[in-house]
Amino acid sequence: VVDGRRDETHMVALVAATPRWAEAAGVRIVDGRFLRSEDAALERPGVVVSQSAARHLFGNRPAVGLSMPSPIPGSHGRKARVVGVVDDVRYSGLLARPGGAVYVPWEALPFGVVRLVVRTSGNPQNLAGPVGAIGRRLDPNRPIENVQPLRDVVAASVSGRRMYALVANALGVTAFAVALVGLVATLARVVTARRHEFAVRLAVGATSARLAALVLRQAAIVIVAGVVAGLPLAWAAARGVSAYLYGVSTTGLDTYVVVAGTTSAAG
């Protein structure tokens with residue numbers, strides 16, 4: 001899409017969609033509405049843009065009601081009008097950066113390859129047969145291929161990174177276990193090295209409870225110092241791997257609290 005006012009060119013995906021595609025695909029409408037069948041026949045055809053495309057094309061202005069900077073395929077040389085804005089969709093996989101998209105009525109731009117999206121509350125595999133039968137009844141010459149649940153499509157987009165994630169998790173658990181063993185061993189060594197001191201303290205009237213409190217207090221100082229020093233490092237490491245995560249927060253306090261609490265309890 002060429003923006004003549006700013007002499008810029010933006011690469012966006014052109015998607016031909018039917019009116020209820022957003023509802024079936026679970027794409028949230030941010031502003032305005034989604035496409036209608038009559039949008040293709042209007043003097044100013046209606047289109048829907050994603051948030052990224054709206055930001056690139058119109059800046060901070062509300063996109064609904066504005067005209068596209070240049071004609072797009074399916075508009076027959078007319079400048080289309082934006083009727084809605086939707087969330088960005090990661091068409092290239094979960095690990096890819098969300099790209100801009102312009103949605104045009106299917107009636108205006110019927111592509112040769114059709115992707116049919118069906119929403120169901122039950123097992124999606126149970127609909128494969130009935131949907132295929134409907135498609136063959138409408139057009140026997142159009143084969144229906146590669147029927148699969150959307151969750152399988154999502155899983156396939158990150159399958160290459162899944163093994164790396166498993167290895168990283170295993171290394172993380174191993175490092176955590178080694179840290180706990182090292183902490184316990186260090187505290188045990190400190191107690192062993194001071195056993196003569198403890199014997200003298202017992203001889204001059206100290207109780208076992210006071211000696212235990214002394215050891216626990218010194219252990220707490222070491223643990224707190226380690227937690228205070230480790231939390232910023234953990235936060236920095238989480239920020240470094242955030243680009244490889246999807247749907248996982250790297251700033252959630254629950255994870256840090258659980259790890260710090262487990263380490264402290266083990267110590």
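A residue counts as buried when its relative accessible area is under 20%. With that threshold in mind, this tour of a predicted model begins at W21.

**Stop 1: W21 and Y103.** Select W21 in helix α1 and Y103 in strand β7 (residues 101-105), which lie 82 residues apart along the chain. Both W21 and Y103 are buried. Their rings form a tilted aromatic pair, with 5.2 Å centre to centre and 35 degrees between the planes.

**Stop 2: F34.** Keep W21 selected and add F34, which is likewise buried. The rings of W21 and F34 make a stacked pair, 6.0 Å centre to centre with 25 degrees between the planes. This pair also joins distant parts of the chain: helix α1 spans residues 21-25, whereas F34 sits in the loop between β4 (29-32) and β5 (46-50), 13 residues away from W21. Display W21, F34 and Y103 together to view one aromatic cluster.

**Stop 3: from Y103 into the sheet.** Next, select V48, which stands opposite Y103 in β7. Strands β5 and β7 pair in the antiparallel sense over 2 bridges.

**Stop 4: the whole sheet.** Colour the 5 strands of the open sheet in the order β3-β7-β5-β6-β4; their pairing is mixed. The edges are β3 (13-17) and β4, each of which pairs on one side only. On average, neighbouring strands are turned by 30 degrees against each other, direction ignored.

**Stop 5: helix α2.** Finally, select residues 51-58, helix α2, which packs on the sheet and touches β4, β5, β6 (81-86) and β7. The direction of helix α2 makes about 100 degrees with that of β5.

Terms used
Residues are numbered from 1 along each chain as its sequence is written. This is a predicted model: local features need pLDDT of at least 70, side-chain atom pairs count only at pLDDT 80 or more; totals for chains, interfaces and linings use all residues. Side-chain values use heavy atoms; hydrogens and water are left out. Rings of Phe, Tyr and Trp (its six-membered ring) pair if their centres lie within 6.5 Å; planes under 30 degrees apart count as stacked, over 60 as edge-to-face and the rest as tilted. Helices (H or I, at least four residues) and strands (E, at least two) are DSSP runs, numbered from the N terminus. Buried means under 20% relative accessible area, exposed over 50%, partly exposed in between (1.4 Å probe, protein chains only). Two strands pair if DSSP finds at least two bridges between them. Axes are lines fitted to C-alpha atoms, for helices over the stretch in contact, and angles run from 0 to 180 degrees between N-to-C directions. Contact means heavy atoms within 4.5 Å.
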